[in-house]
Amino acid sequence: MTDMEQLARRAEEDCREVFRRFEAVEAACTGRVLDAFESRRVEARHFTPSNGYGYGDLGRDTLEALAADIFGTQAAILRPQISGGTHTLALCLFGLLLPGEELLSATGKPYDTLTEVIGFKGEPGSLKELGVSYRQAELGPDGGLDIPAVLGSISEKTRVIFLQRSRGYALRDAVSPESMAPLIRAVKETRPDIYIVVDNCYGAFVSEDEPSFYGADAVAGSLIKNLGGGLAPTGGYIAGSQEAIGRIAARLTAPGLGLEVGSYEGSYRPFFQGLFMAPHTVCQALKVAAFTARMAELLGLKASPAFDAPRGDIIQALILGDPGKVIAYCRGIQSGSPVDAHLSPEPWDMPGYQDQVIMAAGAFVQGASIELSCDAPMREPYAVYQQGGLTWLSGRRAVLRAFSALKDWPEVAE
Ligand SMILES: *Cc1c(COP(=O)(O)O)cnc(C)c1O
């Protein structure tokens, strides 16, 4: 047995109790998903493609009803026409904000791609250009929501409060749905006209609850992350109140058309099957994440979150402290992927991101990060953000490759 395999066995042993916790969440979420499938009477005819305007598209309508049931909301959008997380969140913001109103982020600076949607630099087509202003409240010193700071930042103009559940490319903890509850309650009491929008990317099915359970008006994410279960080939979802979803649907298609149109001439089956798989797939990804953290800790590296810390998303950050190590780790992950294992990732200027980014992504669905993937912005403190893993054992194997690659990392000028 190699030293690395020996260490892996110890890490796995240490993770036993943590894995049991993940499985309990999987069981609860599987129950919720199957209850929805049963009550919506899912049948083979729902998988049938449609074309043209898509009036009365049963597959589409049933998928959206399932999403609403799973998130406990009045309505939902879940469609292949949405390109990903950024697109769903942009739809929410453009749907709910009017000129002269203000967007308030309660979780500090949002995910990189949203800065252009908001218009930090006045980008054409941005909210800023439309006359929507922006403010942010930073997270508290403990990394959690600073509720007094958020409430103190609300003005007459505030119309949307935005919360990002996942850490994204930041070294902070995820914000749990439960910890959003007191803020949502306080806002609804004093300003019921304010919409609460949650970026739920990487968050769905990580815990038994979702932000919508506590009254969030719109909860959005990508289908090539958690909710697609690794099978959905593209798409995004938004679950929320009838009123919020109605406004967002007017932006998605056109006012007056809303959710009544939109066809898809591919099978809807992967979306249904992906939804069915999602609690299990997320559990597999969580196991890979906790195992990675434990391996890192045993090797003397800093893992965030720690292997046994509560998790609010599927991201595992490792602080490697050196650009060469970042590249080596990502190449190790790539070499353990099922697709493109023979390729070697390089840092590049990716659209929507401020620093160069390196991405290891050997996925069946291009860019899917519910499949094992590892990204790193090439900036201090040279942390890698790893997520996903369709199966625990394939993830385990790739992670061992990555840690082995760290033994022999290239020198890179900073
Ligand atoms: C991935 C992600 C996004 C953007 O989603 P894309 O599908 O890449 O457009 C936004 N917010 C968070 C927290 C994410 O993880």
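The exercises below concern a predicted model and treat its ligand site, an aromatic pair and some backbone features.

**Exercise 1. The ligand shell**

Identify the residues around the ligand, and state which helix gives the most to the shell.

Solution.
- Step 1: A residue is taken into the shell if one of its heavy atoms lies within 4 Å of the ligand.
- Step 2: The residues found are G84, G85, T86, L89, Y111, Q164, S166, D199, C201, Y202, S222 and K225.
- Step 3: By class, the shell divides into four nonpolar, six polar and two charged residues.
- Step 4: Helix α4, residues 85–96, gives the most to this shell, with three residues.
- Step 5: As for the site itself, the ligand sits in the largest pocket.

**Exercise 2. Polar contacts and burial of the ligand**

Give the distances from G85, D199 and K225 to ligand atoms, and state what share of the ligand's exposed area the protein buries.

Solution.
- Step 1: The cut-off for a polar contact is a pair of N or O atoms within 3.5 Å.
- Step 2: For G85, a backbone N or O atom lies 2.7 Å from an oxygen atom of the ligand.
- Step 3: For D199, a polar side-chain atom is 2.5 Å from a ligand nitrogen atom.
- Step 4: For K225, a polar side-chain atom is 2.9 Å from a ligand oxygen atom.
- Step 5: The ligand taken alone exposes 380 Å², and the protein buries 87% of that.

**Exercise 3. An aromatic pair**

Classify the pair formed by F120 and Y134, and locate both residues in the chain.

Solution.
- Step 1: The structure holds 12 aromatic pairs, one of them formed by F120 and Y134.
- Step 2: The ring centres of F120 and Y134 are 5.3 Å apart, with 40° between the planes.
- Step 3: Planes under 30 degrees apart count as stacked and over 60 as edge-to-face, so the rest are tilted. The F120–Y134 pair is therefore tilted.
- Step 4: F120 is in the loop between α5 (112–118) and α6 (127–130), whereas Y134 belongs to strand β3 (residues 133–136). The two residues are 14 residues apart, and the pair links distant parts of the chain.

**Exercise 4. Backbone exceptions**

Locate the cis peptide bonds before P305 and P381, and describe the phi of F205.

Solution.
- Step 1: Most residues other than glycine have a negative phi, and most peptide bonds are trans.
- Step 2: S304 and P305 are joined by a cis peptide bond with omega about 0°. P305 lies in the loop between β8 (302–304) and β9 (316–319).
- Step 3: A cis peptide bond also joins E380 and P381, again with omega about 0°. P381 is in the loop between β11 (373–377) and β12 (383–387).
- Step 4: F205 is not a glycine, yet has a positive phi of about 65°. F205 is placed in the loop between β5 (195–199) and β6 (218–222).

Definitions and conventions:
Residues are numbered from 1 along each chain as its sequence is written. This is a predicted model: local features need pLDDT of at least 70, side-chain atom pairs count only at pLDDT 80 or more; totals for chains, interfaces and linings use all residues. Side-chain values use heavy atoms; hydrogens and water are left out. A polar contact is a pair of N or O atoms within 3.5 Å; within protein, one must be able to donate a hydrogen and the other to accept it, and residues adjacent in sequence count only if both atoms are side-chain atoms. Accessible areas come from the Shrake-Rupley method with a 1.4 Å probe; for residues, only the protein chains shown count as cover. On a 1 Å grid over the protein atoms alone, a cavity is a set of points where a 1.4 Å probe fits but cannot get out, and a pocket is an open set with protein on both sides within 12 Å along at least five of seven lines; lining residues have an atom within 4 Å of a point. A molecule sits in a cavity or pocket if more than half of its atoms lie within 2 Å of its grid points. Helices (H or I, at least four residues) and strands (E, at least two) are DSSP runs, numbered from the N terminus. Ala, Val, Leu, Ile, Met, Phe, Trp, Tyr, Cys and Pro count as nonpolar, Asp, Glu, Lys and Arg as charged, and the others, Gly among them, as polar. Rings of Phe, Tyr and Trp (its six-membered ring) pair if their centres lie within 6.5 Å; planes under 30 degrees apart count as stacked, over 60 as edge-to-face and the rest as tilted.
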